[in-house]
Amino acid sequence: MAVVRTQRGFDRLVNFSDAVVAIAITLLILPLVDAGPEVAREGIGPYFQHNFWQLLAFVISFVVIARLWMVHHQVFGWIESYTPALLWLNMLWLACIVFMPFTANVLSDSPNEKPDVYALYIGNLLLTTLAMQLMELLIVRTPGMLSEEGAAQSDPLRGWTFIILLVVSGVLAVLFPGVGMLWLLLLFLSRPLHILLSRLTRSREHAGA
């Protein structure tokens with residue numbers, strides 16, 4: 001597939017993506033905006049106690065969207081052009097980002113130990129991460145799209161380790177809902193898992209050689 005080499009078109013794609021992410025991450029705060037009178041009436045301590053899950057959902061979702069944008073920013077910094085396939089994959093990624101404030105609200109408004117709610121939230125994260133991973137693979141495999149600096153930094157295996165841990169977290173959250181969203185702490189194992197898989201991959205390559 002031919003690479004579309006229009007700098008203006010690429011700049012518009014990146015600017016549009018940044019704007020959509022900015023709006024989505026801002027929408028996360030809306031459920032908390034009207035809490036001013038409640039805080040003034042009850043005090044900060046009781047408010048935090050009664051709205052712990054809502055606040056936790058906000059923090060988790062803000063960090064997640066910020067992290068997803070950082071990965072998007074890094075990957076798109078490797079290229080200066082795009083293809084129609086990349087454009088549509090990026091739209092899928094943006095659709096997942098836009099959907100995230102909704103899943104965060106559902107999570108914060110639902111009682112604890114709701115497997116379907118956990119599946120909805122983590123499934124949204126999984127689809128978003130998968131869309132980003134497919135974009136990176138497309139960029140790497142399309143001749144003329146990836147810069148020399150990007151070729152040195154690109155590592156598709158890194159994304160797959162994150163996806164594997166998201167799948168594991170989602171399955172465990174459904175099977176053992178008592179732990180709830182704390183299963184997402186497994187994502188901190190992404191770096192050790194990446195190192196392990198990288199070593200196994202290099203070992204197989206050396207054995208094959």
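Buried residues make up 40% of the 209 residues in the protein chain. Keep in mind as you look around that this is a predicted model. With the whole chain selected, turn on a surface: the accessible area comes to about 11,900 Å², and 67% of that belongs to carbon and sulfur atoms.

**Stop 1: the fold as a cartoon**

Switch to a cartoon view. You will find 10 helices and 0 strands, so to speak an α-α-α-α-α-α-α-α-α-α run from the N terminus on. Among contacts with a separation of 6 or more, 77% join residues 24 or more positions apart.

**Stop 2: helix α1**

Next, select residues 7-27, which form helix α1. Does the length of this helix agree with what its residues should span, or disagree? At 1.5 Å a residue, its 21 residues should span 30 Å, and the end C-alpha atoms are 30 Å apart, so the two agree.

Now show side chains for Gly9, Phe10, Leu13, Val14, Ser17, Val20, Val21, Ala24 and Ile25, which are the buried residues of α1. Look down the helix axis: these buried residues fall within an arc of 140 degrees, so they line one face of α1. On the face turned away from that buried side, pick out the exposed residues Arg8, Arg12, Asn15 and Ile23.

What do the buried residues of α1 pack against? Add α5 and α6 (84-109) to your selection, since these are the partners.

**Stop 3: along helix α5**

Helix α5 covers residues 52-76 and includes Val63. Is Val63 buried or exposed? Its relative accessibility is 51%, and because exposed means over 50%, Val63 counts as exposed. Draw a distance from the C-alpha of Val63 to that of Ile25: it should read 9.3 Å, although the two are 38 residues apart in sequence.

Stay in α5 and move to Phe76. Phe76 has a relative accessible area of 5%, and is therefore buried. Leaving out residues up to four places away in sequence, Phe76 touches Phe10, Leu13, Val14, Leu86, Asn90, Met132 and Met135. Three of those names may be familiar from the previous stop: Phe10, Leu13 and Val14 are among the buried residues of α1. For another distance, take the C-alpha atoms of Phe76 and Ile139, which are separated by 9.1 Å while lying 63 residues apart along the chain.

**Stop 4: the largest nonpolar core**

Which members of the largest nonpolar core touch the most other members? Select Phe76, Ile79, Leu86, Trp93, Tyr121, Met181 and Leu184 as sticks; they hold that place among the core's 45 residues. Colouring by helix helps here, as α1, α5, α6, α7 and α9 (156-175) each supply at least two residues of this core. The helix that gives the most is α7, with 9 residues.

**Stop 5: Thr129 in helix α7**

Finish in α7, residues 115-141, by selecting Thr129. At 10% relative accessibility, Thr129 counts as buried, because the cut-off for buried is under 20%. Which residues beyond its neighbours within four places in sequence is Thr129 in contact with? Show Leu68, Phe162, Ile163 and Leu166 to see them.

Terms used: Residues are numbered from 1 along each chain as its sequence is written. This is a predicted model: local features need pLDDT of at least 70, side-chain atom pairs count only at pLDDT 80 or more; totals for chains, interfaces and linings use all residues. Side-chain values use heavy atoms; hydrogens and water are left out. Helices (H or I, at least four residues) and strands (E, at least two) are DSSP runs, numbered from the N terminus. Buried means under 20% relative accessible area, exposed over 50%, partly exposed in between (1.4 Å probe, protein chains only). Contact means heavy atoms within 4.5 Å. The expected span of a helix is 1.5 Å times one less than its number of residues. The arc is that of the directions from the helix axis to the C-beta atoms. A nonpolar core is a set of buried Ala, Val, Leu, Ile, Met, Phe, Trp, Tyr and Cys residues joined through side-chain atoms within 4.5 Å. Accessible areas come from the Shrake-Rupley method with a 1.4 Å probe; for residues, only the protein chains shown count as cover.
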